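Please read these points with the sequence and the model side by side. They go from the start of the chain to one sheet, then to the whole protein.

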Amino acid sequence: MGDNLRQLGQQLAEIWKQLGVNQRVSVVLGAGVVVAGLIGLSLWSNRPDYALLYGKLDDGEAAKVMAALDDAKVPYQTGRGGSSILVPSDKVYQMRAQLAGKGIPRGEGVGFEIFDKPNFGISDFVQRANYLRAVQGELARTIGQIDMVDSARVMIVMPENRLLVDSQKKPTASVFVRTKSNGQLPVSAVNSIRFLVANAVEGLQANSVSVVDNLGNVLSENQEEDSVAGMSNNQLSARRNLEQYLSKKAEGMLEKVLGPGQAIVRVAAEINWDTITRTEEKFDPDGQVARSTTLNDETTTTSAGGGADSNNNGGGGNPGGPAGVASNTANGAPDSGNSTTTQSNTSNSQTKKKVTQSQYEVGKTSISTLLSAGGLRRLSAAVFVSQKMEGEGKDRKPVARSDEEMQKLKRIVQSAVGILENDPTRKDELTLEQLPFNEQPAIELSQRLETDGNRQFYWEIGKNVLFAAIALVMFMVFLKLLKKTTASDIPINLTSTGENGTFNATEGGEGDAGAGWRKDAKAGVVTVEVLNALIKENPANMTQAVRSWLAAGNKSN
C-alpha cells in the first residue's frame, strides 16, 4: 500500500513538472474552487437549524433567558430588536421545560405566581396590593395575546376598603396598548378589551375602562349609557352599522351580476328611537254579559175557624176567626138573643210570590301595546351602476344599459334592502342611475404593476444570461490560454538533425540504459532498441518527443 502511494506521488510530481505555467495556475484554481465548495457544503450541512424559543420579550426577561442559556451552554441567536430568541430546533422543547421550572420568563408584569411562596406576617394592605398587582399582570398578559396588540399594561384603581362604604366611589381602570406596526385597533378589539377588564374586576363597569394606544389616541369613550351623550352615541353607532350592513348586502348582490367594482350602494336609514306604551279600553253596550242572577221564591198560607154555644148570649166568636160581620151572625142573620143553635165558620188564605234579580256587565276590551325603540321610520338608497364597456384599448367606450335591465337591478336592490315604495307610512325611496365609472386610476395602476412585473422578469432573465455569459467567456479565455501553451522543452538527449526529422543520440544522457543505446546508435538513425530504451528510461519525455517529431514532420511536409 505504501509503495503504491509513493509511486502515485512520484507520477503526480512528474506530471506537475511537465505542466506549463498556465496549466499549473489552472490546476491550482480548479483545485481551490473544488476544495472551497466541499468546505462550504460541509459547513452548511453541519449548521444547526434554529427555531423560535420565545418572542416578544422585554429587555429584562430576554437577559434572564440568555443568562440561563449561557449556563446551560446552549447556542442561541437573537432576532431583530432582541425581543425574540432562537435556539437549535432539537432543543426548543427541552429548554422551554427547563426555563419554565425556573420561572423564566415571567412575561409582562407579575401574575398570580406572586402567591406561590407563602408570606406570613404581612399586613392586609400589602396582601390587597399584591392581589391587585397579580390581577393587573394577568390582564396585561391576556390582552397581549390579541393579534394586533404587541404589549399591554393595565392599571386598576379600587376604592379603599372601609367600614362605611361610599356608593359614589366605584373602581376604574386604564389600559395602555402598544400595537403592531403602529396600527390602530378596531372598535371591536377595543370593546373586547374593555369588557375583558370589566368582567375581571368586581364592581367595575365597562364604561369605566379607558383604553389608550402608544400613539396617544384615546380609543374608548367613557359615557354613561343612560346619559344623553351615551344614548346619542349608541344611536349613531346603531344607525351606522345598519346602513353599512344594508349597503354591503346590496353591493354584494350587484357585484355578483355586474362584476367587482361595477356598483356603488349607499343607504340612509331613519330609525325611530321613541318608546311608546299605549293602553286602550273599548266598551260594547250591545255585548252584555250576565254577571249574577238572584231568584227569590216566597209562599204564604193563612187558615181561620170559630163557633158559639147556646148558652152564650153574646155568641162570642172564635178568637181565631176573622173579625167581621159574618163571624157575629148565624147563617148570615142577626143574632136574636138566646139561641140554642151552634154556629161554625172556617176561612183559608194562601199567597205565593217569586222575585228574580239579574245583574249584567257591559263588554270591555283592554289592549296594552309597547312600541320599543329601533323601528325603521324611513329608508332611502342611492345606487350607481357602471355602464357596459365595449371595445379594447383606446376603442373602449361605455354603452348604456337597457331599461329592462335597469328595472331588474332596481327590483333586486329593493328586495335586498327592504325598501317599500308603496307604503305611505314610511315613504321609502330608491334612486338607481347608470354612469360611466372613471377607470383611469385603475388602468394606470394596472399598467404600473404590469410594467414593474415585466421589468423584474426581464431583470431576472438578464441577470441569469449575464452570469452564464461571464462563465462562458471565462471558459473560452481558459481554452484560449490552454491552446496557446507550448510544449516545454524536455531534455531527452536527442537532437534533431536534417530536414527529414530524424533524431540522433547525443552524449550527456544519464542512466545505464542511455549509455547502452548511445554506444550502438548510428548517426541519423534511431533504431527500435534505442526507442525501447528511451521509453523505459522516461516514458513521459518520449511522448512529448514523439508529438514534437510528428508536428515537425507535418510542418516540413
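1. Helices (H or I, at least four residues) and strands (E, at least two) are DSSP runs, numbered from the N terminus. Helix α1 covers residues 2-18, and Leu-8 lies in it. This is a predicted model, in which local features need pLDDT of at least 70 and side-chain atom pairs count only at pLDDT 80 or more, while totals for chains, interfaces and linings use all residues. Residues are numbered from 1 along each chain as its sequence is written, and side-chain values use heavy atoms, leaving out hydrogens and water.

2. Leu-8 has a relative accessible area of 45%. That makes Leu-8 partly exposed, the class between buried (under 20%) and exposed (over 50%), with a 1.4 Å probe and protein chains only.

3. An open sheet of three strands follows the order β7-β10-β13, and its pairing is mixed. The edge strands, β7 (263-272) and β13 (429-435), each pair on one side only. From one strand to the next, the twist averages 10°. Two strands count as paired if DSSP finds at least two bridges between them. In general, strands of a sheet pair through backbone hydrogen bonds, either parallel or antiparallel.

4. Which strand pairs with β10 in the parallel sense? Strand β13 does, over seven bridges, with β10 spanning residues 375-386. Leu-435 in β13 is the bridge partner of Ser-386. On the other pairing, β7 and β10 run antiparallel and are joined by 10 bridges; Glu-270 has Arg-378 in β10 as its bridge partner.

5. Side chains alternate along β7. Ala-263, Val-265, Val-267, Ala-269 and Ile-271 point to one face and are buried. Ile-264, Arg-266, Ala-268, Glu-270 and Asn-272 point to the other face and are not buried. In a regular strand, such alternation between the two faces of the sheet is the general pattern.

6. Helix α8 (residues 403-417) packs on this sheet and touches β7, β10 and β13; contact means heavy atoms within 4.5 Å. The direction of α8 makes about 140° with that of β13. Axes are lines fitted to C-alpha atoms, for helices over the stretch in contact, and angles run from 0 to 180 degrees between N-to-C directions.

7. For the whole protein, the count is 12 helices and 15 strands. Of its 557 residues, 20% are buried. Among contacts between residues at least 6 apart in sequence, 62% join residues at least 24 apart.
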